[in-house]
2 protein chains.
Amino acid sequence: MTLPERPTVAELSGNRFEVTYLLDTDDQADAEDRAYKIAVEQTIEFPPDLAPDGDIRDHVIGQVRVVSATDDGRHRVVISYANETAGPDLAQFLNVIYGNVSLLPGVRLEKLDLPAEKLVDFRGPRFGREGVRALIGVYDRPLLCSALKPMGLSAQMLADMAYQFAIGGLDLIKDDHGLVNQPFSEFKARAKLCAEAVTRANQETGLNCLYLPNVTAPAHKVLDYARYAVEMGAGGLLICPGIVGLDTMRMLADDDAINVPIMSHPSFLGSMVTNPTTGMDHYVMYGQLQRLAGADMSVYPNFGGRFSFSEAECRAIVDATESDMSHLKPIFPAPGGGMTMEKVPTLNAFYGRDVVYLVGGGLHRHSDNLTENVRYFIQLISEPVS
Amino acid sequence: MTLPERPTVAELSGNRFEVTYLLDTDDQADAEDRAYKIAVEQTIEFPPDLAPDGDIRDHVIGQVRVVSATDDGRHRVVISYANETAGPDLAQFLNVIYGNVSLLPGVRLEKLDLPAEKLVDFRGPRFGREGVRALIGVYDRPLLCSALKPMGLSAQMLADMAYQFAIGGLDLIKDDHGLVNQPFSEFKARAKLCAEAVTRANQETGLNCLYLPNVTAPAHKVLDYARYAVEMGAGGLLICPGIVGLDTMRMLADDDAINVPIMSHPSFLGSMVTNPTTGMDHYVMYGQLQRLAGADMSVYPNFGGRFSFSEAECRAIVDATESDMSHLKPIFPAPGGGMTMEKVPTLNAFYGRDVVYLVGGGLHRHSDNLTENVRYFIQLISEPVS
């Protein structure tokens, strides 16, 4: 024999977490069969009949807890995984909940149920809603964020734009997510000039606008860029976890030398949600996973814009940003993509107070005075919901 | 005015690269409209009518080069981007070719056309097919790889298994991609014991089996894990770029202190390809992007296995592993997932000599003597294609 007959896995705590998947089958037996295959695939990835008896078979293999028909002709399955299958790390956690499942057609990750014993592995958002509000000093209305763009402007031109935004009272200014380290606007020059411009404006206004440079940088430079930007006075960071990996964002959130809020941008992540029978629900991708990975604000395309998310999908994201996750703080939903002033009343009614509105072109369109446009927009979003 | 009227973007070289997308529309005008919106979205992400005249409008915005109907009722569009929109980095390159496109329904990335002037930004695979063969010393047949598993075994048990594999003459032994740093088999203990076991076996056989531990680790530990493993004698590395980001793999490939071949595993990447109208083609995901990001071997689920890839999709991957990409070396396709001995003749006819076969459970099933099973399997794959 080459495999031990009954290996004892002494490290098993008995603590488990649950993952819910939707399968595109209306057949109960088929659903049960596929559920068991997922439970095996995501853990031992080994023919179950060849797996050794004992703890591996009894505890390490995922356990199918529920297989039930849904109203829309699918099946919902709940699989329980031993905490130790993921170990303490976010990267391997992602692999357990979804790694090879991503290669299986007709399986969608719907929801994570993580008890406190599992959530202790994650610090989560360092600031959350309350922390971000405390930094900015705005408590009673939605927050407003815009982006420095278009690509092609020099670092100095973007810094001038940042100054005008900040003088108008904008709460957050981010780099466009497409600005990183191109020759027309190199990262360190831009981060320094823009941080200084916003600091100068804050001194004049008495407000606390935060500037968030984009650190979606090469893997060996992310930490250096982020720490440099914070040293220069950046009040937050923007990052695209779909490009650099969710755990890279987590690394920044956990870094005590950084200690500023993090805004997560959905670039490269869309195909994970856009097809209803594969990928994962918006609730998981733009809510639960962002909180696990330390985002304080989760950007996503708003309903009614140039992208495809529905009102229900946006509602699910909002729910996930504030659902109970033990010590993990609630974070801001940050809808963007085609925001215009005309939509503000509808959006205020939908989102209420706890939202960060991302406005890009819409802010430039009102007039050619950016500072006045910011003031007007903030007044608009501050009106009480009728 | 807050935006400069005609900013000059002095850094533009005039060099551009092209990206082909498939749009799920049979209407020419709709396709042209959407193509232009993509060209804007992926670059300036700003209302074109508000963008300043001059270089930004003329060169920075993507340029639609082709919009043509396909045989299957879609439209193929080719968009050209200035090299500088991506800068020199893989991360921002990914953002330009696909970032916000991922959020648009009905757009699929089909192909990258990268001239040598763009490819100079990427070192690519350090070894490629020839380099991996030279390390192992096997030139005239497919290579065989298996995985250490199931999860739950101790580091010592896995090292014993590695020894048995290597004594049998296996070419490559990887950690299962689900083994990283769980309590039953911590990374450094496992990497050390398994590397030592394979080194000992190589001394006995005179062969050069490579052991590839899985470094799909927390972002702040990946480099440390990889360098440690190589110091301990690991002959290669396994990583899941869908979890840690493609650029993290690129970082390892570029690191002179590492200098071993890299195998890329598709965990978490499946939803990027499984729906034909979104995401990207297998050619791009498992071929072109893997080479840009430095993989020497690209793992994907083989046709006829427990996953969903078709023969045509697997053929596209093979084509992309060896297509002309200037100085970027051809790499090994590494099909896995449900490989059995019975399939070898079919697979040899399909793949020929330049392939790494991943065999998991199939290798354990032949008999309870792993060493003999390896010998038998290698004999099978070595038979000339009829």
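The following conversation goes through a predicted model and asks how some of its descriptions are justified.

Trainee: What makes chain A as compact as a globular protein of its length?

Mentor: Set two values side by side. The radius of gyration of chain A is 23 Å, and the globule rule gives 21 Å for 386 residues; the two are close, so chain A counts as compact in that sense. The C-alpha trace spans about 75 × 45 × 35 Å along its principal axes. Chain A holds 16 helices and 12 strands, and 60% of its residues are buried. Among contacts with a separation of 6 or more, 74% are between residues 24 or more positions apart.

Trainee: Why is H7(A) called roughly parallel to H8(A)?

Mentor: Helix H7 (residues 155-167) and helix H8 (residues 187-205) of chain A pack at about 25 degrees, with axes 8 Å apart. Angles under 35 degrees count as roughly parallel, so the pair earns that description. The crossing is right-handed. Among the residues in contact are A:Leu158, A:Ala162 and A:Tyr163 of H7(A) and A:Leu193, A:Cys194 and A:Ala197 of H8(A). By class, this contact has 13 nonpolar, three polar and three charged residues.

Trainee: At what angle do helices H12 and H13 of chain B cross?

Mentor: Helix H12 (residues 282-292) and helix H13 (residues 311-322) of chain B cross at roughly 30 degrees, and their axes come within 8 Å. This crossing is right-handed. B:Tyr283 and B:Tyr286 are among the residues that H12(B) brings to the contact, while H13(B) brings residues including B:Ala316 and B:Ile317. The class count here is five nonpolar, four polar and two charged.

Trainee: Why is A:Asn259 called exposed?

Mentor: A:Asn259 has 11 C-beta neighbours inside 10 Å, and a residue with 12 or fewer is exposed, so the label follows. A:Asn259 sits in the loop between helix H11 (246-254) and strand S9 (262-264) of chain A. Its phi is near 55 degrees, a positive value in a residue other than glycine.

Trainee: What makes B:Ser326 partly exposed?

Mentor: The count for B:Ser326 is 13 C-beta neighbours inside 10 Å. Exposed stops at 12 and buried starts at 20, so B:Ser326 counts as partly exposed. B:Ser326 lies in the loop between H13 and strand S11 (332-336) of chain B, and its phi is also positive, near 55 degrees.

Trainee: How do you know that B:Tyr376 is partly exposed?

Mentor: By the count again: 15 other C-beta atoms lie within 10 Å of B:Tyr376, so it is partly exposed. B:Tyr376 belongs to helix H16 (residues 370-382) of chain B. From B:His366, B:Tyr376 is 10 residues away in sequence and 8.9 Å away in space, C-alpha to C-alpha.

Trainee: Where is the cis peptide bond that has omega near 5 degrees in chain A?

Mentor: It runs from A:Lys149 to A:Pro150. A:Pro150 is in the loop between strand S5 (143-148) and H7 of chain A. In chain B, a cis peptide bond joins B:Lys149 and B:Pro150, with omega about 5 degrees.

Trainee: How many residues does the contact take from each of chains A and B?

Mentor: There are 81 from chain B and 81 from chain A. On the side of chain B that touches chain A, H4(B) gives the most, with six residues. The residues on that side divide into 40 nonpolar, 31 polar and 10 charged.

Key. Residues are numbered from 1 along each chain as its sequence is written. Chains are lettered from A and ligands numbered from 1 in the order in which they are written. This is a predicted model: local features need pLDDT of at least 70, side-chain atom pairs count only at pLDDT 80 or more; totals for chains, interfaces and linings use all residues. Two residues are in contact if their C-beta atoms, placed from the backbone, lie within 7 Å. Helices (H or I, at least four residues) and strands (E, at least two) are DSSP runs, numbered from the N terminus. Ala, Val, Leu, Ile, Met, Phe, Trp, Tyr, Cys and Pro count as nonpolar, Asp, Glu, Lys and Arg as charged, and the others, Gly among them, as polar. Axes are lines fitted to C-alpha atoms, for helices over the stretch in contact, and angles run from 0 to 180 degrees between N-to-C directions. Angles under 35 degrees count as roughly parallel, over 145 as roughly antiparallel, 65 to 115 as roughly perpendicular and the rest as oblique. A crossing is left-handed if the near helix is turned anticlockwise from the far one by less than a right angle, and right-handed if clockwise. The radius of gyration is taken over C-alpha atoms; the globule rule is 2.2 Å times the number of residues to the power 0.38.
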